[in-house]
Amino acid sequence: MNGDDAAYGELVRRRQDAIRNLLRRLTREASLADDLAQQAFIQGWESIRTLRSPGAFGGWLRKLAVNFWLQHARSGRPEVPLEEDLRAEHPVSTVSRRLDLDAALAQLPHDVRVCIVLAYNEGMSHGEISQTTSIPLGTVKSHIARGSVRLRELLHAYGDTHGQ
Amino acid sequence: MLTVTRMANELDDRLLDLFSEARETLPSAEFMQTFLARMERARRVQSMRRMALIAVLGVLAAWIMPSVLASTASAVQAVQHVVVDAVGEQSQPYAALIISPAGWAVSMLIGFLVLLRTGALRRR
């Protein structure tokens, strides 16, 4: 491994947690999330020369990860069912709430889900989400507004089911 | 007193808390091991692709080069003929002038001025 690769490896080590968490909210499947994260990091390594400003690395990488997920989601592959066994092991806990959140997110259409996750998980503004996803700004705003309402309804339903 | 006002992006506080709770610290060792192996594989593929491209370019160059050289040589030859003919025609009166006594004298004068200008005649 040369010096550049070692430096890139260090960048990946620092960013992997954030990118994997983002993809886990989007995919609901840990192994798929990690695979997409790997693909995004490899793509980043191959095209890092196109990055103009080193300060933009985090956002650029996040955009790559989101694009990989959107490609995967639009390819029409079915999503995995909720990990019921894991849910049963942790009836009312952080894990349970996380599973509820991920299950509720999975009910949202792809474009709505990505807008919601980028807003709530990443703290991105509407404009940044629009730039990252190439979804028009007005659509991003309505996706977040309507998606938030839908997500609350779904989580309320899950809460009722699981006695929260 | 500092007050925080929410500006453009109104977000639901309960959902913000849920997303914040859902964030986990993930073990990195296995992920990094897989990533480094994939990067190594991608690098091998990249260098093989580069070598294949160089080989293809080499074969193409070897295949095209003879015809390129032949056409270049004939073009240069044609241009050379045209230039030599034109220079020959144009330089005949000047050639007669240069080999005349006046021409010699002017040439000597010019040569002397050049030597003077360059300081070659100066004593060291």
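This section describes the helices of chain A, their packing, the contact with chain B and several individual residues in a predicted model.

Chain A contains 8 helices and 0 strands. Along the sequence the elements follow the pattern α-α-α-α-α-α-α-α. Of the 164 residues in chain A, 35% are buried. Among the contacts in chain A that link residues at least 6 apart in sequence, 63% join residues at least 24 apart.

Helix α3 of chain A covers residues 57–74. At 1.5 Å a residue, its 18 residues should span 26 Å, and the C-alpha atoms at its ends are 26 Å apart, so the expected and computed spans agree. The buried residues of α3(A) are A:W60, A:L61, A:R62, A:L64, A:A65, A:V66 and A:W69. The helix is followed by A:G76, which has a positive phi near 85 degrees.

Two packed helices are described by the angle between their axes and by the distance between those axes. For α2(A) and α3(A), the axes come within 9 Å and cross at roughly 130 degrees. The two helices α2(A) and α3(A) are therefore oblique to each other, and the crossing is right-handed. On the α2(A) side the contact is made by A:L36, A:A37, A:Q39, A:A40, A:Q43 and A:G44. On the α3(A) side the contributing residues are A:L61, A:L64, A:A65, A:F68, A:W69 and A:H72. By class, this contact has 8 nonpolar and 4 polar residues, with no charged residues. Residues A:L61, A:L64, A:A65 and A:W69, which take part in the contact with α2(A), are also among the buried residues of α3(A).

A second helix pair is formed by α6(A) and helix α7 of chain A, the latter comprising residues 126–133. Their axes come within 10 Å and cross at roughly 130 degrees. Accordingly, α6(A) and α7(A) are oblique to each other, and their crossing is right-handed. Helix α6(A) contributes A:V114, A:C115, A:L118 and A:A119 to the contact, and α7(A) contributes A:I129, A:T132 and A:T133. These residues divide into 5 nonpolar and 2 polar, and no charged residue is included.

The contact between the chains takes 27 residues from chain A and 23 residues from chain B. In chain A, helices α1 (3–27), α2 (30–46), α5 (94–106), α6 (110–120) and α8 (137–161) each supply at least two residues of the side that touches chain B. The largest share of that side, 9 residues, comes from α1(A). By class, the residues of chain A on this side divide into 8 nonpolar, 9 polar and 10 charged.

Two residues within helices were examined individually. A:L105 lies in helix α5 of chain A. A:L105 is buried because 25 other C-beta atoms lie within 10 Å, against a cut-off of 20 or more. Leaving aside residues up to four places away in sequence, A:L105 touches A:R25, A:R28, A:R113, A:I116 and A:V117. The C-alpha atoms of A:L105 and A:R150 are separated by 9.4 Å, although the two residues are 45 residues apart along the chain. A:H156 is placed in helix α8 of chain A. With 12 other C-beta atoms within 10 Å, A:H156 is exposed, since the cut-off for this class is 12 or fewer. The C-alpha atoms of A:H156 and A:D100, 56 residues apart along the chain, are separated by 9.7 Å.

Positive phi values were also computed for two residues other than glycine. A:R28, one of the residues touched by A:L105, is found in the loop between α1 and α2 of chain A. Its phi is near 70 degrees. A:R28 has 22 C-beta neighbours inside 10 Å and therefore counts as buried. A:S134 is located in the loop between α7 and α8 of chain A, and its phi is near 60 degrees. A:S134 has 10 C-beta neighbours inside 10 Å and so counts as exposed. Of these two loop residues, A:R28 is thus buried, whereas A:S134 is exposed.

Note on methods
Residues numbered from 1 in each chain as written. Chains lettered and ligands numbered in written order. Predicted model: local features only at pLDDT ≥ 70, side-chain atom pairs only at ≥ 80, totals over all residues. Helix = DSSP H or I, 4+ residues; strand = E, 2+ residues; numbered from the N terminus. Expected span 1.5 Å × (residues − 1). Contact = placed C-beta atoms within 7 Å. Nonpolar A, V, L, I, M, F, W, Y, C, P; charged D, E, K, R; others polar. Axes fitted to C-alpha atoms, helices over the stretch in contact; angles between N-to-C directions. Parallel < 35°, antiparallel > 145°, perpendicular 65-115°, else oblique. Left-handed = near helix turned anticlockwise from the far one by under 90°.
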